[in-house]
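Reader: I am in my first year and still learning how to read a protein model. Could you take one part and go through it slowly with me, setting it against the chain as a whole?

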Amino acid sequence: MAATSQVFRVIHGWRFGQILVPAITCQNCSLSPHLCTNATQPHSFVQRWRHQSRGYRTSPPWHTYYLTPPQVNSILKANEYNFKVPEFDGKNLSSIMGFDSNQLPANAPIEDRRSAATCLQTRGMLYGVFDGHAGCACAQALSERLFYYIAVSLLSHETLIELENAVESGRPLQPILQWHKHPNDYFSKEASKLYFSSLRTYWQELLDLSVPGEQPDVAEALVSAFKRLDNDISLEAQVGDPNAFLHYWVLRVAFSGATACVAHIDGNELHVANTGDGRAVLGVQEPDGSFSALTLTNDHNAQNESEVQRVKSEHPLSEAKTVVKQDRLLGLLMPFRAFGDVKFKWSIELQRRVLESGPDQLHENEHAKFIPPNYHTPPYLTAAPEVTRHRLRPQDRFLVLGSDGLWETLHRQEVVRIVGEHLTGVHQQQPVSVGGFKVTLGQMQGLLQERKARISSTFEDQNAATHLIRHAVGNNEFGLVDHERLSKMLSLPEELARMYRDDITIIIVQFNPHVIGGQ
């Protein structure tokens, strides 16, 4: 790495077996983990990492210090949050028993965000996981704003009139959302007036388009809210703000980007709106007590062939070979749908005009100045979500929303098994797998004893999301949490942690099967 350290810097990784190998990108571009340039991986560097990844290795190949179990727990539980929903919420019996959430950073600062809220003027609850790139600004804005846009989109014509009349007369507004926030879930006070002004303009337009007595369609409301917020993010950046801080902030939000995976649950009706590569997976309990995974979202990236064809169909045939290159949008962006990222939406002329009139700090941002290659017919990127509707059944026991940092680490079936066993306290005995490794009888006996001890002991995590993160980071080749591996992974310095994994954000919503069955 010494020979390349002046030109390249590590920001992302490729996976060889169970080892996440750092990729290299050009320092001149200063792009984030979701972005890369055409910089290549030195051959000797790849060979060295491949050599290190051979054989039975359960820990990173460099020296780190051990954390004690209490220290590990302190790190894992730092961002955990849980909320128990009252069985009767004042309007109806709740189909939701409660939810657990947690985050584990890899980037410094973490680029993921999360949100959870109860809709007060309508029925239902909202949950969202937001995965930022090129910084955390866009994900932060989504975590504060998107639920308001969705809640307003779901309001009736009559309620919209009440909102507007209250503002006009200077009366206090009826609250729209009840937030369920961890103390670390930051909300921006400086931008609140700007955000409210844009939201009010939106509900005024909804008021003009709505019809008295008509209830909004949830799927249409979700799509409208996603697209409108992304449009407002773009417009605010173009207009700017007299306040220097806000001017810089709205530009940071627009030039960074974020994916969003949001669930709206009202009684038996579950809607998931997804933009990007976050995922929503249902844990379904089978008659034999085991759990199976039902995926409710599609990844919007190069592994989704229909998504590749959608992107190509929106541009001339002359760009067929450049729109998606090296499995990335224009060879750079991993998700094919995202908020912000105006580098992939605005014309080159608009980008230059906004940057020239922007604050000096933005000129120092290499990402903002970088023009994607083969940039001919923007926009190349959309924030429009793909919406899935699912009617909940008694066997649907929980919903897992996760940023891609989770799904890169654990298979969806393993995720629902771990969560299902944690919530029910029932372990499904699976054959001991050694993953192709040669083991002695003594080693096999140790594995069986470890599994027996794990089954007979009580769970140390009260929070299901924390329990899942423990497995995502600490699982060894045999599917068991290895404290030594967990300790080493959590003690990696900030500049090395991103080589092995992404930020992980998880929300687990537990359903009430008796209420669902009764409805």
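Author: The accessible surface of the protein chain amounts to about 23100 Å², and carbon and sulfur atoms account for 52% of it. What you are looking at is a predicted model, and of the 519 residues in the chain, 56% count as buried. The chain contains 18 helices and 17 strands, and among contacts between residues at least 6 apart in sequence, 73% join residues at least 24 apart.

Before turning to the interior, it is worth asking how confident the predictor is. The mean pLDDT of the chain is 84, with 78% of the residues reaching 70 or more. Over residues 1–60, however, the pLDDT is below 50, although this stretch has 140 contacts in the model beyond near neighbours in sequence. A second stretch, residues 454–459, also stays under 50, and there the model has 10 contacts beyond four places in sequence.

Now to the part I would like you to study closely, the nonpolar interior. In soluble globular proteins, nonpolar side chains tend to be buried together. Here the largest nonpolar core has 56 residues, and those with the most contacts inside it are Leu146, Phe147, Ile150, Leu177 and Phe339. Helix H3, which spans residues 137–153, gives the most to this core, with 11 residues. If you select Ile150 and set aside the residues up to four places away in sequence, you will find that Ile150 touches Leu126, Leu222, Ala225, Phe226 and Val262. Apart from this core lies another one, of 32 residues, whose members include Leu67, Val72, Leu492 and Tyr500.

For a contrast with the cores, follow the strands of one sheet. Six strands form an open, antiparallel sheet in the order S3-S4-S17-S16-S10-S11. Strand S3 (81–84) and strand S11 (291–295) stand at its edges and have a single partner strand each, so one side of each is left without a neighbour in the sheet. From one strand to the next, the twist averages 15°. Within the sheet, strand S16 (residues 396–402) pairs with strand S17 (residues 504–511) in the antiparallel sense over five bridges, and you can locate this pairing on the model by finding Val400, whose bridge partner in S17 is Ile508.

Key: Residues are numbered from 1 along each chain as its sequence is written. This is a predicted model: local features need pLDDT of at least 70, side-chain atom pairs count only at pLDDT 80 or more; totals for chains, interfaces and linings use all residues. Side-chain values use heavy atoms; hydrogens and water are left out. Helices (H or I, at least four residues) and strands (E, at least two) are DSSP runs, numbered from the N terminus. Buried means under 20% relative accessible area, exposed over 50%, partly exposed in between (1.4 Å probe, protein chains only). Contact means heavy atoms within 4.5 Å. Accessible areas come from the Shrake-Rupley method with a 1.4 Å probe; for residues, only the protein chains shown count as cover. pLDDT is the predictor's confidence in each residue, from 0 to 100. Two strands pair if DSSP finds at least two bridges between them. Axes are lines fitted to C-alpha atoms, for helices over the stretch in contact, and angles run from 0 to 180 degrees between N-to-C directions. A nonpolar core is a set of buried Ala, Val, Leu, Ile, Met, Phe, Trp, Tyr and Cys residues joined through side-chain atoms within 4.5 Å.
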